[in-house]
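Dear colleague,

Please find below the sequence and structure that I am passing on to you. My findings follow, set out for a reader who is new to such work.

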Amino acid sequence: MAWLYLKVLLVGVSFLGCLYPLVDFCFSGETRGQKPNFVIILADDMGWGDLGANWAETKDTANLDKMAAEGMRFVDFHAAASTCSPSRASLLTGRLGLRNGVTHNFAVTSVGGLPLNETTLAEVLQEAGYVTGMIGKWHLGHHSSYHPNFRGFDYYFGIPYSHDMGCMDTPGYNHPPCPACPWTARASRSPERDCYTDVALPLYENLNIVEQPVNLSSLAQKYTEKATQFIQHASTSRRPFLLYVGLAHMHVPLTRTQLSAGPQHRTPYASNLREMDSLVGQIKDKVDRVAKENTFLWFTGDNGPWAQKCELAGSVGPFTGLWQAQQGGSPAKQTTWEGGHRVPAVAYWPGTVPSNVTSTALLSVLDIFPTVVALAGASLPPGRHFDGLDASEVLFGGSQTGHRVLFHPNSGAAGEYGALQTVRLEHYKAFYVTGGAKACDGSTGPEQYHEPPLIFNLEDVAEAVPLEPGSAEYRSVLPKVREALADVLQNIAHDNISRADYTRDPSVTPCCNPHQIACRCQTASQTDISTSRNIGK
């Protein structure tokens, strides 16, 4: 672990102003050639219907709609899981949770994270000569070597997990404020209370906590500033770059944005959607100004909306999961219904990705890893299998063919974490388990196991009526579903798989001042990325 000690030491020195922020933008003398840059933006809890280009009822995504008109919009694009940590782990590894070990969310006190023997997209691109940055929510482990700076990212600015996992002075909607409750108080996360038992939410720059609690009202602006600075300095350096932006939007708590001062009837959700859209627009504008012809921008979401948050949750569009809704409970986030898995997705690369194209190819967040690796001219990590595919031909307009089969893992609603009990096969979908997620009305659908499975023809977009088990259509599809599921499980059984450490220890809780209730500390100065001594050389 000598290398880890050395890197921690160097980053520690950087906080004293000597090497800060440890991003080597220095041009080494080798020409970059035509290696493309990559900007991956991942929204949080955004519904398929929250994108205006997808759903005419949405009027709050002008920048994203413009990007869709200038690029390619995917209407059958899926999260790799329907909750935070597993979806993000799959994005960065191209592998399902049963392979990469991340099957459910990490906690504030989690000792582990994305297993260290898993190779991230950032690590692959670092080896290929890229400078790498991550802005925003990480949620793949914050303790020790699980931190983003040790997982391939040269630069990190953001929060270590979801922003409802700690108190804030500017808590927004659906969240209580700091200070935390006195130590003698009983634990409570009730929004009716005027205090909170968890520590304050930290904001990191590299390994340093620069703000605790986070000022939620200015977080989007800070993310925008850091992202655009990174793009500017990476472009100036002539090094290819990867920037991964994990947005706080549209996860609760929602901020009380300045945009709320608009039309009288604009909801908090609509105001936050506009703020998110503005953030994405500013990042795109920066790309257009400094690296337009050689930068691939990919926008998508980690999972569908959190239905139990009612008016603070997004739109699933037509994917209402009526069969489940009639049973009670939610068919959105944490479930494998279309509302939980089908997410907005837009690709933008002028001159390379054709403009104003709508793709019906069946694609997934899993495909980001192999596609970016291929476009970068790098190689996939050896000795393991991947669940994603290289979608380059689809992106370049030469194909509408994506996956024949996708597997949707259980993500906290029903069934064992990570188990593959929902199978998408062409335009059919088979459920071996349903229920378990809470709806806005407080109901939780009963956990039901189905053998033989429920099978829907997704021409029924609302997933309202399953096929009759005795029908010829059902009898034709069922053997194919069983064969596909058996094949992937056998493949996983013979793969090089990882297991995440989900043990908890309160001592690993991020805290800049343990002597203060809620770990409150003075805001540290945040440094412009351009202060790196390597920039401009």
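How many of the 537 residues of the protein, as a percentage, count as buried? In this predicted model, 60% of them do. The surface that the protein exposes comes to about 20,200 Å², of which carbon and sulfur atoms supply 51%.

As to the overall fold, the protein contains 12 helices and 16 strands. When contacts between residues at least 6 apart in sequence are considered, 72% of them join residues at least 24 apart.

A word on confidence is in order. The average pLDDT of the protein is 89, and 86% of the residues reach a score of at least 70. Over residues 185-193, however, the pLDDT is below 50, and this stretch has 13 contacts in the model beyond near neighbours in sequence. Residues 531-537 also stay under 50 in pLDDT, and the model has 17 contacts for them beyond four places in sequence.

I would draw your attention to helix α10, which spans residues 368-375. Is this helix mostly covered or mostly uncovered? It is mostly covered, with 7 of its 8 residues buried. The buried residues are Ile368, Phe369, Pro370, Thr371, Val372, Val373 and Leu375. Their packing partners include two helices from earlier in the chain, α3 (84-93) and α5 (121-127), as well as α11 (392-395). Strands β1 (37-43), β9 (295-301) and β12 (363-364) also pack against the buried residues of α10. Just after this helix, Gly377 adopts a positive phi of about 75°.

With kind regards

Methods: Residues are numbered from 1 along each chain as its sequence is written. This is a predicted model: local features need pLDDT of at least 70, side-chain atom pairs count only at pLDDT 80 or more; totals for chains, interfaces and linings use all residues. Side-chain values use heavy atoms; hydrogens and water are left out. pLDDT is the predictor's confidence in each residue, from 0 to 100. Contact means heavy atoms within 4.5 Å. Buried means under 20% relative accessible area, exposed over 50%, partly exposed in between (1.4 Å probe, protein chains only). Helices (H or I, at least four residues) and strands (E, at least two) are DSSP runs, numbered from the N terminus. Accessible areas come from the Shrake-Rupley method with a 1.4 Å probe; for residues, only the protein chains shown count as cover.
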